[in-house]
Structure formats: structure tokens, C-alpha cells
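Subject: Structure handover and notes

Hello,

Please find the structure below, as agreed. My notes on what was found in it follow underneath.

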Amino acid sequence: MTAPATTVRLTATDRCDRCGARARVLATLPSGGELLFCQHHANEFEARLKDMDALVVAAADES
Ligand SMILES: [Zn+2]
């Protein structure tokens with residue numbers, strides 16, 4: 001096992017589950033589910049994700 005990633009690569013095809021904007025954050029739930037959020041919704045759901053003990057990882061910038 002390697003250490004959990006602190007960044008993740010998301011592409012233009014990865015879309016926010018809430019609004020369809022380009023995803024900037026990947027949230028992995030304790031149940032194993034994954035959610036993608038744009039920056040706006042990542043901010044909006046940040047507290048809730050922490051309550052759910054989700055692992056929230058910001059996407060690495062791509063050039
Ligand atoms: Zn969004």
C-alpha cells in the first residue's frame with residue numbers, strides 16, 4: 001500500500017456532480033463512494049464532507 005494521495009489528476013471530462021462545471025476536488029467517502037465537486041461546491045460542502053469523514057483531495061493544476 002502506498003500513502004494516500006494528496007493530489008489527484010482530474011481532466012476536463014471530470015465534472016462536478018452538482019452543477020456540471022469542471023471538477024476541481026475529489027471527495028472519497030468512508031463507504032468507498034467518490035464525489036466530484038467544482039471549487040464552488042467543494043467550498044459549499046466542505047463542512048458536510050468533514051462531518052462524513054470524507055477524504056477531500058484537490059486536483060493538481062494541469063498546464
Ligand atoms: Zn459545482
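In what order do the elements of the protein chain run from the N terminus on? The order is β-β-β-α-β. That comes to one helix and four strands. Please keep in mind while reading that this is a predicted model.

**Overall figures**

The protein chain has 63 residues, and 30% of them count as buried. Its accessible surface comes to about 4500 Å², with 51% of that belonging to carbon and sulfur atoms. Among the contacts with a separation of 6 or more, 39% are between residues 24 or more positions apart.

**The sheet**

The four strands form an open sheet, and their order in it is 1-4-2-3, with mixed pairing. Strand 1 and strand 3 are at the edges and have a single partner strand each, so one side of each has no neighbour in the sheet. As background, strands of a sheet pair through backbone hydrogen bonds, and the pairing can be parallel or antiparallel.

Going through the pairs one at a time:

- Strand 1 and strand 4 run parallel and are joined by two bridges. In this pair, T7 has A58 of strand 4 as its bridge partner.
- Strand 2 and strand 4 (residues 55–59) run antiparallel, with four bridges between them. Here the bridge partner of V25 is A58.
- Strand 2 and strand 3 also run antiparallel, and four bridges join them. V25 is paired with F37 in strand 3, and T28 is paired with E34 in strand 3.

V25 is a useful residue to look up in the viewer, as it has a bridge partner in strand 4, A58, and another in strand 3, F37. A58 can be looked up in the same way, since its listed partners are T7 and V25.

**The hairpin of strand 2 and strand 3**

Five residues lie between the two strands of this hairpin, and G32 there takes a positive phi near 100 degrees. G33 is likewise in the loop between strand 2 and strand 3. Is G33 buried or exposed? Neither label fits: its relative accessibility is 26%, so G33 counts as partly exposed. If neighbours within four places in sequence are left aside, G33 is in contact with A27 and T28. The C-alpha atoms of G33 and A54 are 9.4 Å apart, and the two residues are separated by 21 residues along the chain.

**The zinc site**

Which residues coordinate the zinc ion? They are C16, C19 and C38, each through SG, and H41 through ND1, at 2.0 to 2.4 Å. The angles among the four donor atoms are 106 to 113 degrees, and the site is tetrahedral. Along the sequence the donor residues follow the spacing C-x2-C-x18-C-x2-H. C16 belongs to the loop between strand 1 (7–8) and strand 2 (25–28), while C38 belongs to the loop between strand 3 (34–37) and helix 1 (39–51), so this pair ties together parts that are 22 residues apart in sequence. Both C16 and C38 are buried.

R15 is in the loop between strand 1 and strand 2 as well. With a relative accessible area of 41%, R15 is partly exposed. Not counting residues up to four places away in sequence, R15 touches G20, A21, R22, A23 and L36. In the case of L36, the C-alpha atoms of the two residues are separated by 6.5 Å, although R15 and L36 are 21 residues apart along the chain.

**The helix and the salt bridge**

How many salt bridges does a search of the whole structure find? The search finds one. In it, the side chains of K50 and E46 meet at 3.8 Å, N to O. K50 and E46 are four residues apart in helix 1, so about one helical turn separates them. K50 is exposed, because its relative accessible area of 57% is over the 50% cut-off. E46 is partly exposed, with a relative accessible area of 42%.

**Where to start**

When you open the model, begin with the zinc ion and its donors C16, C19, C38 and H41. Then follow the sheet in its order 1-4-2-3, and finish with K50 and E46 in helix 1.

Regards

Key: Residues are numbered from 1 along each chain as its sequence is written. This is a predicted model: local features need pLDDT of at least 70, side-chain atom pairs count only at pLDDT 80 or more; totals for chains, interfaces and linings use all residues. Side-chain values use heavy atoms; hydrogens and water are left out. Buried means under 20% relative accessible area, exposed over 50%, partly exposed in between (1.4 Å probe, protein chains only). Contact means heavy atoms within 4.5 Å. Accessible areas come from the Shrake-Rupley method with a 1.4 Å probe; for residues, only the protein chains shown count as cover. Donors are N, O and S atoms within 2.8 Å of the metal (3.2 Å for Na, K and Ca); water is not among the atoms, so sites may look incomplete. Four donors count as tetrahedral if all angles lie between 85 and 135 degrees; four count as square planar and six as octahedral if opposite donors are over 155 degrees apart and all others between 65 and 115; anything else is irregular. A salt bridge is a side-chain nitrogen of Lys or Arg within 4 Å of a carboxyl oxygen of Asp or Glu. Two strands pair if DSSP finds at least two bridges between them.
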